[in-house]
Amino acid sequence: MTSPPRALSPQGASLGRRFAAWAIDWVMCLFIVFGLLPYDIVLEPGAEPPLFLGVPQSSWALMGVFAALNIVLVSLTGSTVGHRLLGLQVWQVRPGSFPLQVVVRTALLCLFVPAIITRADGRAWHDSVAGTRIVRA
């Protein structure tokens, strides 16, 4: 009797594909913040938007919606809308609580810089720290 074939490890996602998925998610969050929440895109000439810690409140709302969607969707389904459209999925590499790893991954993703720094194996820094890996599904 022969043994069943071994499952091949999926290919890691390229930086371009990961960035495109991020952009899709970001634009979706823009529509949520400026379409459903009480923030206005257009200000009267000379008007200054409401600030919180020197940053427009709408920017904080946008980051909050982005983080919340990432945490909920990746924890429950392994991918965001952008990931799903581009055939990507987040996998757990290190044992532990996956939702906690997703929170760490999302917090670092919100800083953006760790997401564009990659290791030799192609994993982004925020995925390495969180113990996750984004692959082509």
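## Glutamine 101, tucked away

In this predicted model, glutamine 101 comes out at 8% relative accessibility, so it counts as buried; the cut-off for that label is under 20%. You'll find glutamine 101 in helix H4, which runs over residues 98-110.

What does the side chain of glutamine 101 reach? One partner is the backbone oxygen of alanine 130, at 3.4 Å. Another is the backbone oxygen of arginine 94, which lies 3.0 Å from a polar atom of the glutamine 101 side chain. Leaving aside residues up to four places away in sequence, glutamine 101 touches Gln92, Arg94 and Pro95, and also Ala130, Gly131 and Thr132.

## Helix H1 and its two faces

Now over to helix H1, residues 15-36. With 22 residues, H1 spans 31 Å from its first C-alpha to its last, close to the 32 Å you'd expect at 1.5 Å a residue.

Which residues of H1 are buried? They are Arg18, Ala21, Asp25, Cys29 and Val33. These five cover an arc of only 110° around the axis, so they sit on the same side of H1. Turn to the face pointing away from that buried side and you meet the exposed residues Phe31 and Gly35.

## What covers the buried side

Several elements help cover the buried residues of H1. Among the helices there are H2 (57-77), H3 (81-85) and H5 (113-116). Strands take part as well, including S3 (88-92) and S4 (132-136).

Conventions: Residues numbered from 1 in each chain as written. Predicted model: local features only at pLDDT ≥ 70, side-chain atom pairs only at ≥ 80, totals over all residues. Heavy atoms only, no water. Helix = DSSP H or I, 4+ residues; strand = E, 2+ residues; numbered from the N terminus. Buried < 20%, exposed > 50% of the residue type's maximum accessible area, 1.4 Å probe, protein only. Polar contact = N/O pair within 3.5 Å; in protein donor to acceptor, adjacent residues only side chain to side chain. Contact = heavy atoms within 4.5 Å. Expected span 1.5 Å × (residues − 1). Arc of directions from axis to C-beta.
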